[in-house]
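Work through the exercises below with the coordinates open. Try each task before reading its solution.

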Amino acid sequence: MKTPRFWLLLALVAVLAVGAAACGGDDDEDDGAAAPETTGGGDTGGEAVDCTASIGIMGPFTGDVAAIGQEQLNWAKFAVDTFNEERGTSFELVEGDTQLDPAQASVVAPQFVDNDAIVAVVGPAGSQEVDAVGGIYSDASMAFISGSATATNLTEDYETFYRVVPTDADQGPTVATYMVEELGAQNVFIIDDQSSYSTGLADSATAALEDGGATVSRESVSQDQTDFSSLVSAVADDTDVIFLPWQVAANAQLFGNQLAEQGKDVPIFGSDGLFSPDDFKVAGSYVSSFAPDITGLDDPAIQDMVAAFEDEYGDFGTFGPPTFAATTVVMEAATAVCEGGEEPTREAVLEQMDQTDLPDSILGQPISFTENGDINDATFFIFQVQDDGSYQLVE
Amino acid sequence: MDVDFFVQQLVNGLTLGSVYALIALGYSMVYGILKLLNFAHGEVYMFGAFIGYFVLSALGGASSPSIPVAPLLVIMFLAAMLGAGLLGVVIERYAYRPLRNAPRIAPLISAIGVSFFLQASALLLFTAQFRTYDTPQLIPIDTTGRIDAGPLHISLTRILVIVSTIGLMIALTLLVSRTRLGKAMRAVSYDREAAAMMGIDPDKVIVATFFIGSALAGAAGVMFGLVFERVFHLMGFTAGLKGFTAAVIGGIGNIPGAMLGGLIIGLAESFSTGYISSTFQNLIVFGILIVILLVRPTGLLGSPVLKKV
Amino acid sequence: MSRIGSDDWVEQQELRSEYYTGFTGPARKAFDRVGPGPRFFAFLAICAIFPFFPTVADSDFLIRVGVNVLLFALLALGLNIVVGWAGLLDLGYVAFYGFGAYMYAWLSSSQFDVHLPTELVIPIVITASAGLGLLLGLPSWRLVGDYLAITTLFFAQIFVELMLNLDRLTPPWRDEPLDVTGGPNGIPGIDDMRIFTIDFEQTRDYYFLLLAIFAVVVVGLYYINESRTGRGWRASREDPLAAELMTTPVNRLKLLAFAMGAAVAGLTGSVFAAVQTGVFPQNFEVALLIMIYAALILGGAGSISGAVLGAIIIAAVPEILRTPENARYLFYGVLIASLLIVVRPWKRVAGIVAAAIVFGFAAHEIVALIWPDVVVGVEDGGLGGLLDSWVLVVDDHETLVNFAFVFLVAAVLILTQLRGESRMLLLIPTIYLAAFVWENRLVAEPSVTRQLLFGAILVAMMTKRPQGLLGTPRVENPI
C-alpha cells in the first residue's frame, strides 16, 4: 500500500522541483557580486568612517503588494551594502513588514521606537500608514523618510516626516498640462485603482484638467481585478486619452493589451506608478516619472549601479530607486553626525537630515528638503514608450 | 453600436465565466463527494498557472518558443493539469483524509491552513514578482490573431479558452455519466457506506475526484495566464473566492450547476461593468448573488437537502 | 471511515490507553480530569495577571502587542457566540468590527465635525452594531450551513467595497459628492476617548480600558452561556429540528446570537478606532477574518478560555517572529516540543536530538571541507553562536534552498506515514534539513515564515486535535 503513495509523492516532488529549478534559475546568476567598485551617485568619496547604527525599514514585504515592498527592500539592502563598502561604515537594516496595513504599521512603529539601535526609519510605503505612525515617530523624535507616500498633507501633519518623492498635488497639474497642451486632449477618461495614491492623484489631475477645459469621466477598478476587457469595451469612442494613475504596472500592460485587442486606438497616460520598462511596454503610451529614467541616465556611475543591482536582485520598477535615495539620505545624515565626532542619536540624525544637501543622487537630481520635509525642486518628467518598449523622454 | 457592444461584453463575460466555471467544477465535485469546501482549491489553480509559466519559460519563453505554438500549448496544459492534480491528491491525503469523521468545521479550517501554507510557499519559492505569459508574443493580438466582424473584436486566445472549456466540460460530463468511474463517483456521493458495501473503494474514488477537480483547476490557471497574462502568488485567493461563489450559486455538488454558476458570475461582472459602472462592479455582482441565494437557498440547480429525522 | 464490520470504540482502545503515557501524559490526564466549571475559574485566575502586564513590560511596543491581544481576544469571544455556541457559520463577522470602528469615527472625528461625548457614543455603537447583526442574521432563517457562510462572506465584501467607495457618490439632494467614509484614505484624526472625565491618550490607558471591557464581556458571556439561552443555542447547534420540536425558538436564538456577536465586535471596533486614531478600509479585510477564525478554532470553539487562549497565540506569535533572535528561540523550542509530543518515550527523543546534533556537525565539516567558500557563519549572538558550527548556512544558493524546502515538506509528509524504526531514522536528517531551511531562508523573512507556520499549525491542529486546545470533542450528526 505504501508504494503507490511513495511514487505519488516522488512525482509531486519532481514537479515542484522543476518549478523551483526554473524559478531559482532566473533569479541568481551567482557571482556573489554584491556591490560595484565605482563611486555611486552622491557620495563625497571620503575615507573610512567608523559609524554604527541601525536603520529601520517598513514596507509591504508580504501581502497584496509584496512585489513593491520586496523591490523597496532590495534597493534598501543594496544601498546599505554599497554605502558600507565604500565608506567603511557599519549600518544595518532592521525590517518591519506592514503589508501596507496601518494596523500592522502601528505595531511595527513602537517596536522600532523601542529598539535603541535604530536611529531613523525608511518608510512606511503607504500614506495611510504614515497617518497611523506619524504621531508615534514624532513623539520619539525619530526621523522617518518615505520613498512612496505621496498624500499631500503628510509633511505638514508630522514633524519628523520626510520624503524624496513629490506629492500628488505636484504630479496632477503636470500631467494635466501635458495632456491638454501637448496632446490636445478634450475628453479624458481617468481610471483609478481604489488605492489612496491613485484616488489622490486622480482627484488632483481631474481638477487640473477641468481647469484646462477638458471633460473628464471617472471610473475605478480594484487592484486585484483580473479582467479589464469589459471596461475597455465601455471606453467611449471619442476619448482622447486614458489616464491610469495605477500602482501595479502589470495591470496597465494587460489593460493596454486588451485595448489593442479590441481595436481601440486610444493612448494611455500613466503616472509614476506605471514607470516600469519591464512591466509596462505598450507602444505609444506616455508615462510620467519624478526622475529621469535611471536606466536612461547618462551618468556611468549610476549605470554601473543599476547593472550591479540587476545582477544581484533582478528587474525593478519605479518604487525601488526612491527607497535607495531615502536610505542614502539617512546614512549620509548619520555619517555626518559621526564625522562631527558624536554618537548618532535620533535627535542628532534628525537635525542633520534637515540640513541634507546632496549634490547628486540616484534619482538624477540633488536632494534637499523644504521646511516641511518635502523634496526641493520636484519636477516630473514625461516619457513615451517606443515601439521596442524603451522609454523616451519627451518633456 | 448597441448590439455589438452587447456581443462584445458577452464574449468578455463568457471568457471570464469559463475560467470561473472550471474552478467551480473542482469545488463542486469535491463537495459532492466529501461535503467539504476545499478552500485550498484556489491555490492549486495558482500553482497550475505557475507550472504553465515555467514550462513556457523552459521551452524558450513567449517571444522565442523552441517548438511550434500548438504543441507548446498542449504541453503547457498537460503539465499544469498533471502537476495540479498531483498537488490536489497530496492535499487530500494529508489534510482531509484524517478528518473524514470530524465535525464539518475541522476540514474547513484545515483547508484554510493549507491555503495559507501554499500561498506562503509560493511566495517563498517564486518571490513576489509578477510573471507574465506575454501571450501577445505567442498568439498575436493584431489582426492576424483575431476575428474582426465590424466593430466586434475577438482574439484567438479567447476563442481558444472558451472552446477548450466547453471541451473539458463535455469530457467531464461524459466521464461522470458514461464511465464506471463516473458511476462510482455518483454512488459515493449519494451514500458512502452503501457504495463501499457494493464493492466500490471510496478512498480510490475520492482520490480520483480530487485529481480530476484539481487538474481542471490547473487547466483554468493556464487559461487565465493565456488570456489575462499576470501570474502571481495571490491570484488564487480572488479566483478561488469567485469559483467557490459560482459553485454555490449553481447549487453546490451539482456539476452543471457549477458551469452555470461560473458563467453567471462572469457575465454579471462583464455586463455590470459595461452597462453600469466599473467602480461598483463587485457590489453589484455580490448583490445579484445574494438575491439569487435568498430566492433559491440551495442554489439555482441544487436540490433541497432532505433531512432525515 | 471505519471498515465495515469493525467497531470504532475497540479500534481506538489502543489510542486511548496510549494517550496518557509519555512526557506530556500526566499533564493531559490532569487536564482532562478537570471539568469545565473549575477549568473556567482556573482560567479567570490566570487572567488576573493581565493587569500587571504593563508594569512588567515597560516598552510601548509590548503594551501595543498587549492591546492587540486583547482586541483579538474580544473578537474571538464575539465570534465564539455565533460559531461556537450557536453553530452558525458567519464569515462576515469582520464587517461588524469595521462598522463599529467607522461608527465611532463618524461620531467622534472631524469627518462630519461631530464630536459626541464618548459616554454617548459607545452605547450608540453597541446598539447600532447589534441592529446590523440582526439584519445580517435574517438570512440565517432561510439559508443553512455553507450557503449562510457564503452570504455572510458577501456582506463582508460589500462592507469593504462600500467603505472604499462611499466618498464620491453624489446623493440627489446635493451638487457635490458626499464624502462619507473617506474612501481609500479612511478617516484619520479620530478623537481620543474620554469616559467620565478619564482621558485615554496613551496606549497604556487603552490597555486598561480594554481589560475592563474584557472582564465585563467574559463574565457576562459565561453567565449567558450557563442560562437558558446558552442551552437553547447548544440545542439548536446540535439538532435544530429536534430543538424546534422541544419549543426552543431556534430562529430567534439565531438572531440573538448574531446580534450579540455583532455588539461585541462593534464595541471592540470602536476602541480599535480610538487606539489607531484612524480607520482605513484595509483594516477589515478577509485576512483578518481568517485570523480570528483560526484563533477561535485553535483555542477551541465553544469555550471561552479556548477563544482567549487562541487569541493570545495568534496575536502574540507573529510579534515574536519579528526579531530573528526571538524567532530562533521560538523555532527550536517548537521543534523540540513537537518532538516530545510526537515521539513517546522521551529517552528516545533525547537520542534523536543527540543523533541530529552529531549528524549536523558531521555534515557541516564535510561540506566545509569540500566547498569551503560556500559556508558562511551564523551572524547573531546568543543561540546563533551555539549553532554556528552545526547548521550549514550557504551564501547565494537560492535554488538549493528552494529544493531543500520542497524536500523538507515531502519528508515531513512521509514521516507522518512511518512508524517505528524508519521513522526514527528519517527524523534525524529531517530535523537538520528543517534547521537548514530555517537559517538560510525563513529566519530572514519573518512575514512569510509567519504565514507558513500559521498554515501548518492549522492543518496539524485539525488533523491531530480537531476540537482545538481547550474545546470539547464533538461528534457531528451524520447527514
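**Exercise 1. Size of chain B**

What radius of gyration does chain B have, and what would a compact globule with 309 residues have?

Solution. The model is predicted.
- Step 1: take the reference value. For 309 residues, a compact globule would have a radius of gyration near 19 Å.
- Step 2: compare. Chain B has 20 Å, which agrees.
- Step 3: add the box. Along the principal axes, the C-alpha atoms of chain B fill roughly 60 × 45 × 35 Å.
- Step 4: add the fold elements. Chain B has 12 helices and four strands.

**Exercise 2. Burial, contacts and charge in chain B**

Find what share of the residues in chain B is buried, then describe its contacts, surface and charges.

Solution.
- Step 1: burial. Of the 309 residues in chain B, 64% are buried.
- Step 2: contacts. Take those in chain B with a separation of 6 or more; 78% of them are between residues 24 or more positions apart.
- Step 3: surface. Chain B has an accessible surface of about 10,700 Å². Carbon and sulfur atoms hold 70% of that area.
- Step 4: charges. Chain B carries 19 positive and 13 negative charges. Their mean positions lie 13 Å apart.

**Exercise 3. Chain C by the same route**

Decide whether chain C is as compact as a globular protein of its length, then describe its surface and charges.

Solution.
- Step 1: count elements. Chain C holds 21 helices and six strands.
- Step 2: apply the globule rule. The rule gives 23 Å for 479 residues, and chain C has a radius of gyration of 26 Å. The two are close, so chain C is as compact as a globular protein of that length.
- Step 3: get the extents. The C-alpha trace of chain C spans about 80 × 60 × 45 Å along its principal axes.
- Step 4: burial. In chain C, 52% of the 479 residues count as buried.
- Step 5: contacts. Among contacts in chain C between residues at least 6 apart in sequence, those joining residues at least 24 apart make up 72%.
- Step 6: surface. The accessible surface of chain C is about 21,600 Å², and 67% of it belongs to carbon and sulfur atoms.
- Step 7: charges. Chain C has 30 positive and 41 negative charges, with mean positions 13 Å apart.

**Exercise 4. The disulfide**

Locate the disulfide and assign its handedness.

Solution.
- Step 1: count. Over all chains, the structure holds one disulfide.
- Step 2: find the pair. A:Cys51 is joined to A:Cys338, with an S to S distance of 1.8 Å.
- Step 3: place the ends. A:Cys51 sits in the loop between helix H1 (2–25) and strand E1 (52–59) of chain A, and A:Cys338 in helix H11 (residues 320–339) of chain A, so the bond ties together parts 287 residues apart in sequence.
- Step 4: read the torsion. About the S-S bond the torsion is about 70°, so the disulfide is right-handed.
- Step 5: test burial against the cut-off of under 20%. A:Cys51 is buried at 1% relative accessibility. A:Cys338 is buried too, at 13%.

**Exercise 5. Backbone outliers to inspect**

Check omega at A:Pro124, then phi at A:Leu100 and B:Glu229.

Solution.
- Step 1: omega. The peptide bond between A:Gly123 and A:Pro124 is cis, with omega about -5°. A:Pro124 lies in the loop between strand E3 (118–122) and helix H4 (127–139) of chain A.
- Step 2: phi of A:Leu100. The value is positive, about 60°, although the residue is not a glycine. A:Leu100 is in the loop between strand E2 (90–97) and helix H3 (102–114) of chain A. At 22% relative accessibility, A:Leu100 is partly exposed.
- Step 3: phi of B:Glu229. Here phi is near 70°, again positive in a residue other than glycine. B:Glu229 is in the loop between helix H9 (202–228) and strand E4 (230–231) of chain B. At 7% relative accessibility, B:Glu229 is buried.

**Exercise 6. Two residues of chain C**

Is C:Glu319 buried or exposed? Which residues does C:Tyr432 touch?

Solution.
- Step 1: C:Glu319. This residue is in helix H15 (residues 304–322) of chain C. Its relative accessible area is 11%, so C:Glu319 is buried.
- Step 2: its partners. Leaving out residues up to four places away in sequence, C:Glu319 touches A:Val107, C:Phe61 and C:Val65.
- Step 3: C:Tyr432. Helix H20 (residues 421–440) of chain C holds C:Tyr432. The residue is buried at 7% relative accessibility.
- Step 4: its partners. With the same sequence neighbours left out, C:Tyr432 touches C:Phe359, C:Gly360, C:Ala363, C:His364, C:Trp390, C:Val391 and C:Leu392.
- Step 5: one pair. C:Tyr432 and C:Val391 are 41 residues apart in sequence, and 7.6 Å apart in space from C-alpha to C-alpha.

Key
Residues are numbered from 1 along each chain as its sequence is written. Chains are lettered from A and ligands numbered from 1 in the order in which they are written. This is a predicted model: local features need pLDDT of at least 70, side-chain atom pairs count only at pLDDT 80 or more; totals for chains, interfaces and linings use all residues. Side-chain values use heavy atoms; hydrogens and water are left out. Helices (H or I, at least four residues) and strands (E, at least two) are DSSP runs, numbered from the N terminus. The radius of gyration is taken over C-alpha atoms; the globule rule is 2.2 Å times the number of residues to the power 0.38. Buried means under 20% relative accessible area, exposed over 50%, partly exposed in between (1.4 Å probe, protein chains only). Contact means heavy atoms within 4.5 Å. Accessible areas come from the Shrake-Rupley method with a 1.4 Å probe; for residues, only the protein chains shown count as cover. Lys and Arg count as positive and Asp and Glu as negative; His and the chain ends are not counted. The place of a charge is taken as NZ of Lys, CZ of Arg, CG of Asp or CD of Glu. A disulfide is a pair of cysteine sulfur atoms within 2.5 Å.
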